[in-house]
Amino acid sequence: MAASRIVIENCAIATVDAHDTVYASGHVVVEDDRIVSVGAGPAPEAPRTATGPGERAGSGERNGSGGRDGAVRRIDGTGHLVTPGLVNTHHHFYQWITRGLATDHNLFDWLVALYPVWARLDEPMVRAAARGSLAMMVRGGVTTAVDHHYVYPRGAGDLTGAIVGAAAETGVRFTLARGSMDLGASDGGLPPDFAVESPDTALAGTEEAIDRYHDPAFDAMTQIAVAPCSPFSVSTELLKQGAELARRRGVRLHTHGSETAEEVRFCEERFGMGPTDYLQSVDWLGPDVWMAHCVHMNDEDIAAFARTGTGVAHCPSSNARLAAGIARVPDLLAAGVPVGLGVDGTASNESGELHTELRNALLVGRLGPHGEKALNARQALRLATYGGARVLGRAEQIGSVEEGKLADLVLWKMDTLAHASIADPVVALVFGAPAPVALSLVGGRPVVEDGRLTTVDEDAVARATRDEARRLARIAERN
Ligand SMILES: [Zn+2]
(Lines give C-alpha, C1' and ligand atoms only; values in the text may rest on other atoms or scores of the structure.)
Protein backbone atom coordinates (compact mmCIF):
# COMPACT_ATOMS: atom_id res chain seq x y z
CA MET A 1 0.00 0.00 0.00
CA ALA A 2 1.49 3.31 -1.10
CA ALA A 3 1.77 6.18 1.33
CA SER A 4 -1.11 8.64 1.56
CA ARG A 5 -0.11 12.28 1.74
CA ILE A 6 -1.73 15.46 3.01
CA VAL A 7 -0.13 18.68 1.79
CA ILE A 8 -1.17 21.93 3.52
CA GLU A 9 0.23 25.18 2.08
CA ASN A 10 -0.09 28.97 2.36
CA CYS A 11 -0.91 28.74 6.08
CA ALA A 12 0.67 30.36 9.11
CA ILE A 13 2.37 27.72 11.27
CA ALA A 14 3.15 27.92 14.98
CA THR A 15 5.46 24.94 15.29
CA VAL A 16 6.05 25.14 19.07
CA ASP A 17 9.51 23.71 18.41
CA ALA A 18 12.46 24.46 20.73
CA HIS A 19 12.86 27.92 19.16
CA ASP A 20 9.12 28.67 18.98
CA THR A 21 9.45 29.01 15.20
CA VAL A 22 6.46 30.63 13.52
CA TYR A 23 6.08 30.71 9.73
CA ALA A 24 3.88 33.51 8.38
CA SER A 25 3.23 31.42 5.29
CA GLY A 26 4.44 27.88 5.07
CA HIS A 27 3.67 24.25 4.44
CA VAL A 28 3.19 21.01 6.31
CA VAL A 29 3.35 17.64 4.59
CA VAL A 30 1.96 14.55 6.28
CA GLU A 31 2.72 11.06 5.03
CA ASP A 32 0.68 8.31 6.65
CA ASP A 33 0.90 9.04 10.40
CA ARG A 34 4.03 11.24 10.33
CA ILE A 35 4.99 14.83 9.60
CA VAL A 36 7.57 14.59 6.81
CA SER A 37 8.08 18.26 5.96
CA VAL A 38 7.41 21.62 7.61
CA GLY A 39 8.80 25.02 6.67
CA ALA A 40 8.39 28.36 4.97
CA GLY A 41 6.91 28.67 1.48
CA PRO A 42 5.38 25.95 -0.67
CA ALA A 43 5.91 22.24 -0.04
CA PRO A 44 8.83 20.56 -1.76
CA GLU A 45 7.85 18.36 -4.66
CA ALA A 46 7.35 14.77 -3.66
CA PRO A 47 9.36 12.36 -5.79
CA ARG A 48 7.24 10.63 -8.45
CA THR A 49 4.11 12.51 -7.33
CA ALA A 50 2.08 13.63 -10.31
CA THR A 51 1.34 17.18 -9.24
CA GLY A 52 2.06 20.38 -11.07
CA PRO A 53 2.31 23.99 -9.93
CA GLY A 54 -1.18 24.63 -11.31
CA GLU A 55 -2.68 22.36 -8.67
CA ARG A 56 -0.90 24.09 -5.83
CA ALA A 57 -1.80 27.59 -6.94
CA GLY A 58 -5.53 26.93 -6.88
CA SER A 59 -7.71 28.02 -4.01
CA GLY A 60 -9.67 25.54 -1.93
CA GLU A 61 -8.87 21.92 -1.82
CA ARG A 62 -8.05 19.18 -4.27
CA ASN A 63 -8.09 15.48 -3.78
CA GLY A 64 -6.19 13.56 -6.34
CA SER A 65 -4.21 10.54 -7.09
CA GLY A 66 -0.52 10.78 -6.56
CA GLY A 67 0.01 7.95 -8.98
CA ARG A 68 2.21 5.26 -7.52
CA ASP A 69 2.56 7.26 -4.29
CA GLY A 70 -1.08 6.77 -3.35
CA ALA A 71 -3.71 9.43 -2.65
CA VAL A 72 -2.60 13.03 -2.21
CA ARG A 73 -4.85 15.56 -0.57
CA ARG A 74 -3.88 19.18 -1.14
CA ILE A 75 -5.22 21.93 1.07
CA ASP A 76 -4.86 25.65 0.49
CA GLY A 77 -4.41 26.96 4.02
CA THR A 78 -4.72 30.65 3.17
CA GLY A 79 -6.20 32.48 6.18
CA HIS A 80 -5.50 29.52 8.46
CA LEU A 81 -3.08 28.71 11.27
CA VAL A 82 -1.51 25.29 11.89
CA THR A 83 -0.59 24.37 15.44
CA PRO A 84 0.24 21.09 17.14
CA GLY A 85 -2.91 19.32 18.32
CA LEU A 86 -3.97 20.34 21.81
CA VAL A 87 -3.15 17.99 24.69
CA ASN A 88 -5.57 17.78 27.60
CA THR A 89 -3.73 16.38 30.62
CA HIS A 90 -6.52 16.18 33.22
CA HIS A 91 -10.23 15.45 32.97
CA HIS A 92 -12.98 13.32 34.53
CA PHE A 93 -15.19 12.26 31.64
CA TYR A 94 -18.00 10.87 33.78
CA GLN A 95 -18.77 14.37 35.08
CA TRP A 96 -20.22 15.31 31.69
CA ILE A 97 -23.62 14.08 32.96
CA THR A 98 -23.39 16.01 36.27
CA ARG A 99 -22.63 19.45 34.88
CA GLY A 100 -24.26 22.54 36.30
CA LEU A 101 -24.73 21.18 39.83
CA ALA A 102 -23.35 22.56 43.10
CA THR A 103 -22.40 25.69 41.23
CA ASP A 104 -21.56 27.90 44.22
CA HIS A 105 -19.39 25.59 46.33
CA ASN A 106 -15.72 25.24 47.21
CA LEU A 107 -13.95 21.94 46.46
CA PHE A 108 -14.76 19.98 49.62
CA ASP A 109 -18.42 21.13 49.78
CA TRP A 110 -18.79 20.44 46.05
CA LEU A 111 -17.37 16.92 46.45
CA VAL A 112 -19.62 16.14 49.42
CA ALA A 113 -22.64 17.32 47.38
CA LEU A 114 -21.71 15.24 44.32
CA TYR A 115 -20.18 11.98 45.66
CA PRO A 116 -23.63 10.46 46.40
CA VAL A 117 -24.71 11.17 42.80
CA TRP A 118 -21.49 9.80 41.30
CA ALA A 119 -21.80 6.63 43.38
CA ARG A 120 -24.87 5.72 41.24
CA LEU A 121 -22.96 5.67 37.94
CA ASP A 122 -23.31 2.63 35.70
CA GLU A 123 -21.71 1.56 32.44
CA PRO A 124 -24.19 3.17 29.97
CA MET A 125 -23.93 6.46 31.89
CA VAL A 126 -20.13 6.39 31.87
CA ARG A 127 -20.08 5.50 28.16
CA ALA A 128 -22.40 8.37 27.24
CA ALA A 129 -20.51 10.83 29.44
CA ALA A 130 -17.16 9.76 27.96
CA ARG A 131 -18.52 10.21 24.44
CA GLY A 132 -19.80 13.68 25.34
CA SER A 133 -16.54 14.76 26.96
CA LEU A 134 -14.47 13.43 24.08
CA ALA A 135 -16.66 14.93 21.36
CA MET A 136 -16.55 18.37 22.96
CA MET A 137 -12.78 18.36 23.31
CA VAL A 138 -11.97 16.88 19.94
CA ARG A 139 -14.16 19.31 18.00
CA GLY A 140 -12.19 22.07 19.74
CA GLY A 141 -8.78 20.85 18.59
CA VAL A 142 -7.76 18.32 21.25
CA THR A 143 -5.82 15.43 19.72
CA THR A 144 -4.56 13.79 22.93
CA ALA A 145 -6.83 13.37 25.94
CA VAL A 146 -6.61 12.01 29.47
CA ASP A 147 -9.46 10.69 31.56
CA HIS A 148 -8.79 10.37 35.29
CA HIS A 149 -11.57 7.97 36.26
CA TYR A 150 -11.74 7.04 39.94
CA VAL A 151 -15.42 6.19 40.60
CA TYR A 152 -15.99 2.44 40.34
CA PRO A 153 -19.25 1.61 42.17
CA ARG A 154 -19.65 -2.10 42.84
CA GLY A 155 -21.58 -3.87 40.08
CA ALA A 156 -21.43 -0.87 37.74
CA GLY A 157 -20.13 -2.91 34.79
CA ASP A 158 -17.00 -2.55 32.67
CA LEU A 159 -16.37 1.17 33.10
CA THR A 160 -12.75 0.99 31.94
CA GLY A 161 -13.77 -0.78 28.73
CA ALA A 162 -16.56 1.75 28.12
CA ILE A 163 -14.17 4.71 28.44
CA VAL A 164 -11.37 3.23 26.35
CA GLY A 165 -13.91 2.18 23.72
CA ALA A 166 -15.38 5.70 23.55
CA ALA A 167 -11.93 7.19 23.04
CA ALA A 168 -11.14 4.71 20.28
CA GLU A 169 -14.39 5.59 18.47
CA THR A 170 -13.52 9.29 18.56
CA GLY A 171 -10.06 8.62 17.11
CA VAL A 172 -8.23 10.65 19.76
CA ARG A 173 -4.90 9.64 21.30
CA PHE A 174 -5.74 8.65 24.84
CA THR A 175 -4.44 7.96 28.33
CA LEU A 176 -6.78 6.42 30.87
CA ALA A 177 -5.54 7.36 34.34
CA ARG A 178 -7.16 4.43 36.17
CA GLY A 179 -8.14 6.04 39.44
CA SER A 180 -9.41 4.74 42.74
CA MET A 181 -10.64 5.80 46.17
CA ASP A 182 -10.32 3.61 49.28
CA LEU A 183 -10.49 6.15 52.12
CA GLY A 184 -14.19 6.37 52.99
CA ALA A 185 -15.73 8.68 55.56
CA SER A 186 -15.50 6.06 58.32
CA ASP A 187 -11.70 6.03 57.84
CA GLY A 188 -11.46 9.83 57.98
CA GLY A 189 -11.62 10.37 54.22
CA LEU A 190 -13.98 12.63 52.30
CA PRO A 191 -15.99 10.22 50.07
CA PRO A 192 -18.88 8.22 51.55
CA ASP A 193 -18.04 4.57 52.25
CA PHE A 194 -20.30 3.26 49.47
CA ALA A 195 -18.31 5.18 46.84
CA VAL A 196 -14.94 3.54 47.58
CA GLU A 197 -13.16 0.34 46.53
CA SER A 198 -10.95 -1.88 48.64
CA PRO A 199 -7.21 -1.33 47.95
CA ASP A 200 -6.88 -4.85 46.53
CA THR A 201 -9.82 -4.38 44.14
CA ALA A 202 -8.46 -1.01 43.02
CA LEU A 203 -4.96 -2.35 42.36
CA ALA A 204 -6.25 -5.47 40.59
CA GLY A 205 -8.52 -3.33 38.41
CA THR A 206 -5.64 -1.04 37.55
CA GLU A 207 -3.30 -3.88 36.65
CA GLU A 208 -6.03 -5.46 34.53
CA ALA A 209 -6.41 -2.16 32.64
CA ILE A 210 -2.64 -2.15 31.97
CA ASP A 211 -2.80 -5.75 30.72
CA ARG A 212 -5.76 -5.06 28.45
CA TYR A 213 -4.96 -1.64 27.04
CA HIS A 214 -1.51 -0.17 27.70
CA ASP A 215 0.57 0.25 24.55
CA PRO A 216 4.14 1.53 25.08
CA ALA A 217 4.81 2.06 21.33
CA PHE A 218 5.91 5.37 19.77
CA ASP A 219 2.57 5.69 17.96
CA ALA A 220 0.42 4.33 20.82
CA MET A 221 -3.24 5.36 20.75
CA THR A 222 -4.02 4.04 24.24
CA GLN A 223 -1.98 4.17 27.43
CA ILE A 224 -2.82 3.53 31.07
CA ALA A 225 -1.58 5.39 34.14
CA VAL A 226 -1.94 4.42 37.80
CA ALA A 227 -4.04 7.16 39.41
CA PRO A 228 -5.37 6.96 43.00
CA CYS A 229 -7.62 10.01 43.33
CA SER A 230 -6.15 12.38 45.95
CA PRO A 231 -4.48 12.49 49.37
CA PHE A 232 -7.88 12.98 51.05
CA SER A 233 -9.69 10.05 49.38
CA VAL A 234 -6.93 7.41 49.23
CA SER A 235 -5.01 5.54 51.94
CA THR A 236 -1.25 5.85 52.31
CA GLU A 237 -0.98 2.15 51.59
CA LEU A 238 -2.81 2.45 48.26
CA LEU A 239 -0.55 5.33 47.21
CA LYS A 240 2.55 3.28 48.07
CA GLN A 241 1.33 0.17 46.32
CA GLY A 242 0.15 2.19 43.34
CA ALA A 243 3.64 3.66 42.91
CA GLU A 244 5.12 0.18 43.17
CA LEU A 245 2.69 -1.18 40.57
CA ALA A 246 3.36 1.67 38.11
CA ARG A 247 7.12 1.23 38.32
CA ARG A 248 6.94 -2.53 38.03
CA ARG A 249 4.83 -2.19 34.87
CA GLY A 250 6.58 0.87 33.41
CA VAL A 251 3.52 3.13 33.30
CA ARG A 252 3.00 6.66 34.58
CA LEU A 253 1.46 7.92 37.81
CA HIS A 254 -1.20 10.60 38.16
CA THR A 255 -3.16 12.16 41.03
CA HIS A 256 -4.52 15.44 42.38
CA GLY A 257 -2.19 17.47 44.59
CA SER A 258 -2.11 20.78 46.48
CA GLU A 259 -5.44 21.83 45.04
CA THR A 260 -6.88 23.84 47.93
CA ALA A 261 -5.93 25.35 51.28
CA GLU A 262 -8.31 22.79 52.89
CA GLU A 263 -6.31 19.94 51.36
CA VAL A 264 -3.07 21.39 52.73
CA ARG A 265 -4.69 21.58 56.19
CA PHE A 266 -6.02 18.00 55.85
CA CYS A 267 -2.50 16.72 55.09
CA GLU A 268 -0.89 18.74 57.88
CA GLU A 269 -3.40 17.48 60.43
CA ARG A 270 -3.39 13.86 59.29
CA PHE A 271 0.24 13.37 58.18
CA GLY A 272 2.08 16.25 59.85
CA MET A 273 3.24 17.67 56.52
CA GLY A 274 1.94 19.38 53.38
CA PRO A 275 0.74 17.49 50.28
CA THR A 276 4.03 17.65 48.35
CA ASP A 277 6.10 16.35 51.28
CA TYR A 278 3.48 13.69 51.91
CA LEU A 279 3.44 12.53 48.28
CA GLN A 280 7.24 12.53 48.24
CA SER A 281 7.22 10.35 51.38
CA VAL A 282 5.22 7.68 49.50
CA ASP A 283 7.48 7.81 46.42
CA TRP A 284 5.07 9.92 44.39
CA LEU A 285 7.50 12.48 42.93
CA GLY A 286 9.46 11.63 39.79
CA PRO A 287 9.76 12.09 36.03
CA ASP A 288 6.99 9.49 35.57
CA VAL A 289 4.46 11.42 37.71
CA TRP A 290 2.12 14.26 36.85
CA MET A 291 -0.24 15.96 39.25
CA ALA A 292 -3.37 18.02 38.71
CA HIS A 293 -3.70 21.56 40.10
CA CYS A 294 -0.61 22.20 42.31
CA VAL A 295 -2.09 25.54 43.39
CA HIS A 296 -0.90 25.75 46.98
CA MET A 297 2.84 25.14 46.66
CA ASN A 298 5.64 26.89 48.50
CA ASP A 299 9.13 27.46 47.05
CA GLU A 300 10.40 24.15 48.49
CA ASP A 301 7.51 22.25 46.88
CA ILE A 302 8.30 23.80 43.49
CA ALA A 303 11.99 22.98 43.91
CA ALA A 304 11.07 19.36 44.71
CA PHE A 305 8.97 19.11 41.53
CA ALA A 306 11.81 20.63 39.48
CA ARG A 307 14.45 18.35 41.01
CA THR A 308 12.41 15.21 40.38
CA GLY A 309 10.89 16.17 37.01
CA THR A 310 7.34 15.84 38.34
CA GLY A 311 4.79 17.36 35.95
CA VAL A 312 1.77 19.59 36.56
CA ALA A 313 -1.66 19.65 34.91
CA HIS A 314 -2.76 23.27 35.27
CA CYS A 315 -6.56 23.66 35.34
CA PRO A 316 -7.26 27.40 35.67
CA SER A 317 -11.03 27.35 34.97
CA SER A 318 -11.75 24.64 37.52
CA ASN A 319 -9.51 26.37 40.07
CA ALA A 320 -11.48 29.57 39.54
CA ARG A 321 -14.92 27.88 39.67
CA LEU A 322 -14.11 26.16 42.97
CA ALA A 323 -12.29 29.24 44.31
CA ALA A 324 -9.16 27.12 44.84
CA GLY A 325 -6.68 29.85 43.96
CA ILE A 326 -4.16 30.68 41.23
CA ALA A 327 -1.40 28.16 40.49
CA ARG A 328 2.15 29.59 40.42
CA VAL A 329 2.69 28.71 36.77
CA PRO A 330 5.36 31.37 36.05
CA ASP A 331 7.38 30.10 39.04
CA LEU A 332 6.90 26.46 38.01
CA LEU A 333 8.08 27.25 34.47
CA ALA A 334 11.04 29.30 35.71
CA ALA A 335 12.10 26.32 37.85
CA GLY A 336 11.88 24.00 34.82
CA VAL A 337 8.82 22.02 35.94
CA PRO A 338 6.89 20.42 33.02
CA VAL A 339 3.44 22.07 32.88
CA GLY A 340 0.48 21.15 30.69
CA LEU A 341 -3.15 22.24 30.70
CA GLY A 342 -6.25 20.40 31.85
CA VAL A 343 -9.97 20.97 31.45
CA ASP A 344 -10.58 19.08 34.73
CA GLY A 345 -13.93 17.38 35.15
CA THR A 346 -16.87 19.20 33.62
CA ALA A 347 -18.75 19.29 36.91
CA SER A 348 -16.24 22.02 37.82
CA ASN A 349 -15.70 23.41 34.30
CA GLU A 350 -18.87 23.12 32.27
CA SER A 351 -17.26 24.34 29.02
CA GLY A 352 -15.28 21.11 28.62
CA GLU A 353 -13.00 22.35 25.86
CA LEU A 354 -9.35 23.28 26.08
CA HIS A 355 -9.39 26.70 24.42
CA THR A 356 -10.95 28.05 27.60
CA GLU A 357 -7.89 26.82 29.50
CA LEU A 358 -5.42 28.44 27.09
CA ARG A 359 -7.20 31.73 27.50
CA ASN A 360 -7.75 31.44 31.25
CA ALA A 361 -4.17 30.29 31.90
CA LEU A 362 -3.11 33.59 30.40
CA LEU A 363 -5.81 35.84 31.86
CA VAL A 364 -6.11 34.33 35.34
CA GLY A 365 -2.32 34.09 35.61
CA ARG A 366 -2.10 37.85 35.16
CA LEU A 367 -4.28 38.36 38.25
CA GLY A 368 -1.46 36.81 40.30
CA PRO A 369 1.75 38.38 41.56
CA HIS A 370 3.52 38.39 38.17
CA GLY A 371 0.89 40.66 36.62
CA GLU A 372 1.06 41.14 32.85
CA LYS A 373 4.38 39.23 32.75
CA ALA A 374 2.82 36.00 34.01
CA LEU A 375 2.30 34.35 30.59
CA ASN A 376 2.16 35.47 26.96
CA ALA A 377 0.21 33.94 24.07
CA ARG A 378 3.08 31.77 22.84
CA GLN A 379 3.71 30.41 26.33
CA ALA A 380 0.02 29.62 26.72
CA LEU A 381 0.02 27.73 23.40
CA ARG A 382 3.16 25.87 24.51
CA LEU A 383 1.44 24.76 27.74
CA ALA A 384 -1.50 23.42 25.70
CA THR A 385 0.69 21.45 23.28
CA TYR A 386 4.34 20.65 23.96
CA GLY A 387 3.93 21.16 27.72
CA GLY A 388 1.11 18.63 27.80
CA ALA A 389 3.10 16.16 25.72
CA ARG A 390 6.00 16.46 28.17
CA VAL A 391 3.72 15.94 31.15
CA LEU A 392 2.44 12.72 29.56
CA GLY A 393 5.96 11.51 28.72
CA ARG A 394 5.29 11.81 24.97
CA ALA A 395 7.31 14.88 23.94
CA GLU A 396 9.37 12.87 21.45
CA GLN A 397 6.22 11.84 19.63
CA ILE A 398 3.73 14.72 19.79
CA GLY A 399 3.36 18.32 20.97
CA SER A 400 5.12 20.21 18.18
CA VAL A 401 4.95 20.40 14.40
CA GLU A 402 8.34 18.92 13.47
CA GLU A 403 9.55 16.40 10.94
CA GLY A 404 9.45 12.83 12.21
CA LYS A 405 6.76 13.46 14.80
CA LEU A 406 3.30 11.94 14.70
CA ALA A 407 0.92 14.00 12.57
CA ASP A 408 -1.29 15.33 15.38
CA LEU A 409 -2.09 18.85 14.25
CA VAL A 410 -4.90 21.37 13.86
CA LEU A 411 -5.71 23.75 11.03
CA TRP A 412 -7.56 26.70 12.61
CA LYS A 413 -9.70 29.00 10.47
CA MET A 414 -8.55 32.52 11.36
CA ASP A 415 -10.14 34.62 8.61
CA THR A 416 -13.70 34.88 9.94
CA LEU A 417 -15.33 37.69 11.92
CA ALA A 418 -13.92 36.39 15.20
CA HIS A 419 -10.22 36.74 14.28
CA ALA A 420 -9.69 38.35 10.85
CA SER A 421 -8.70 41.78 12.21
CA ILE A 422 -5.93 40.44 14.51
CA ALA A 423 -2.55 40.40 12.74
CA ASP A 424 -0.73 37.81 14.87
CA PRO A 425 -2.51 34.45 14.49
CA VAL A 426 -1.16 33.03 17.77
CA VAL A 427 -2.40 36.08 19.65
CA ALA A 428 -5.73 35.72 17.84
CA LEU A 429 -5.98 32.04 18.79
CA VAL A 430 -5.18 32.53 22.49
CA PHE A 431 -6.72 35.92 23.28
CA GLY A 432 -9.68 35.63 20.92
CA ALA A 433 -12.86 33.59 20.83
CA PRO A 434 -12.55 29.84 20.17
CA ALA A 435 -11.43 29.48 16.55
CA PRO A 436 -13.25 27.16 14.14
CA VAL A 437 -11.34 23.95 13.46
CA ALA A 438 -11.07 23.44 9.70
CA LEU A 439 -9.18 20.18 10.06
CA SER A 440 -7.78 18.18 12.94
CA LEU A 441 -5.51 15.21 12.39
CA VAL A 442 -4.54 12.47 14.83
CA GLY A 443 -1.75 10.37 13.40
CA GLY A 444 -2.64 11.77 9.98
CA ARG A 445 -6.30 10.70 10.28
CA PRO A 446 -8.92 13.47 10.13
CA VAL A 447 -11.05 13.60 13.29
CA VAL A 448 -12.60 17.01 12.53
CA GLU A 449 -13.46 18.51 9.13
CA ASP A 450 -15.06 21.95 8.80
CA GLY A 451 -15.90 22.08 12.49
CA ARG A 452 -17.70 18.72 12.56
CA LEU A 453 -16.49 15.45 14.01
CA THR A 454 -15.81 12.88 11.32
CA THR A 455 -15.82 9.86 13.59
CA VAL A 456 -19.00 10.16 15.66
CA ASP A 457 -22.46 11.73 15.29
CA GLU A 458 -22.29 14.77 17.54
CA ASP A 459 -26.06 15.23 17.78
CA ALA A 460 -26.63 11.59 18.73
CA VAL A 461 -23.94 11.93 21.40
CA ALA A 462 -25.66 15.04 22.76
CA ARG A 463 -29.04 13.28 22.97
CA ALA A 464 -27.55 10.26 24.77
CA THR A 465 -25.78 12.47 27.32
CA ARG A 466 -29.03 14.29 28.08
CA ASP A 467 -30.91 11.00 28.53
CA GLU A 468 -28.23 9.48 30.78
CA ALA A 469 -27.94 12.69 32.84
CA ARG A 470 -31.70 12.56 33.47
CA ARG A 471 -31.57 8.85 34.35
CA LEU A 472 -28.73 9.45 36.82
CA ALA A 473 -30.58 12.38 38.41
CA ARG A 474 -33.71 10.23 38.86
CA ILE A 475 -31.76 7.34 40.42
CA ALA A 476 -29.80 9.67 42.71
CA GLU A 477 -33.01 11.35 43.87
CA ARG A 478 -34.57 8.02 44.88
CA ASN A 479 -31.56 7.07 47.05
ZN1 LIG B 1 -9.59 16.68 38.76
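Two residues are taken to be in contact when their C-beta atoms, placed from the backbone, lie within 7 Å. In this predicted model, I163 touches F93, V126, A130, D147, H149 and L176 by that criterion, leaving aside residues up to four places away in sequence.

## The nonpolar core and the two domains

I163 belongs to the largest nonpolar core of the model, a set of 151 residues in which V28, I163, A380 and L381 are those with the most contacts inside the core. Helix α3, which covers residues 123-139, gives the most to this core, contributing 10 residues. Because domain 1 (5-84 + 401-453) and domain 2 (86-391) both give residues to the core, it lies between them.

The protein chain is divided into these two domains, and their C-alpha centres lie 32 Å apart. The contact between them takes 24 residues from domain 1 and 25 residues from domain 2. On the side of domain 1 that touches domain 2, β6 (80-84), α14 (425-431), β16 (437-442) and β17 (445-449) each supply at least two residues, and the largest share, five residues, comes from α14. The residues of this side of domain 1 divide into 16 nonpolar, four polar and four charged.

A database record can be set beside this division. UniProt, in an unreviewed entry, lists residues 81-418 for "domain: Amidohydrolase-related". Over residues 81-418 the chain of the model is 41% helix and 16% strand, and the end C-alpha atoms of that stretch are 14 Å apart.

## Two helices with a buried and an exposed side

How are the buried residues of helix α7 placed around its axis? Helix α7 spans residues 261-271, and its buried residues are E263, V264, F266 and C267. These residues cover an arc of only 160 degrees around the axis, which puts them on the same side of α7. On the other side of α7, R265 and E269 are exposed. What covers the buried residues of α7 includes α8 (275-281), and the helix is followed by G272, whose phi is positive, near 75 degrees.

Helix α9, made of residues 299-308, can be described in a similar order. D301, I302 and F305 are buried in α9, and since they cover an arc of only 100 degrees around the axis, they are put on the same side of α9. D299, E300 and R307 are exposed on the other side of α9. The buried residues of α9 pack against α8, β13 (311-314) and α11, while G309, just after α9, takes a positive phi of about 75 degrees. An α-helix has 3.6 residues a turn, so residues three or four places apart point the same way.

## Residues with a positive phi

Most residues other than glycine have a negative phi. V16 nevertheless has a positive phi of about 55 degrees although it is not a glycine, and A323, also not a glycine, has a positive phi of about 55 degrees. V16 has its place in the loop between β1 (5-14) and β2 (22-31), whereas A323 is found in the loop between α10 (316-321) and α11 (329-335). With 25 other C-beta atoms within 10 Å, V16 is buried, but A323, with 13 C-beta neighbours inside 10 Å, counts as partly exposed.

## Surroundings of D122 and G340

Two further residues, one in a loop and one in a strand, show how the chain is arranged around single positions. D122 is found in the loop between α2 (107-118) and α3, and G340 lies in strand β14, residues 339-341. Their neighbour counts are set out together with those of the two residues described above.

| Residue | Other C-beta atoms within 10 Å | State |
|---|---|---|
| D122 | 17 C-beta atoms | partly exposed |
| G340 | 31 C-beta atoms | buried |
| V16 | 25 C-beta atoms | buried |
| A323 | 13 C-beta atoms | partly exposed |

D122 touches A156 and G157, not counting residues up to four places away in sequence, and the C-alpha atoms of D122 and G157, which stand 35 residues apart along the chain, are separated by 6.5 Å. G340, with the same exclusion of residues up to four places away, touches V87, T89, G311, A313, H314, L383, G387, G388, R390 and V391. The C-alpha atoms of G340 and P42, 298 residues apart along the chain, are separated by 32 Å.

Technical notes
Residues numbered from 1 in each chain as written. Predicted model: local features only at pLDDT ≥ 70, side-chain atom pairs only at ≥ 80, totals over all residues. Core = buried A, V, L, I, M, F, W, Y, C linked by C-beta atoms within 7 Å. Buried ≥ 20, exposed ≤ 12 C-beta atoms within 10 Å, placed from the backbone. Helix = DSSP H or I, 4+ residues; strand = E, 2+ residues; numbered from the N terminus. Domains from an automatic or database assignment. Nonpolar A, V, L, I, M, F, W, Y, C, P; charged D, E, K, R; others polar. Arc of directions from axis to C-beta. UniProt positions renumbered as here; feature names shortened; annotations may be inferred.
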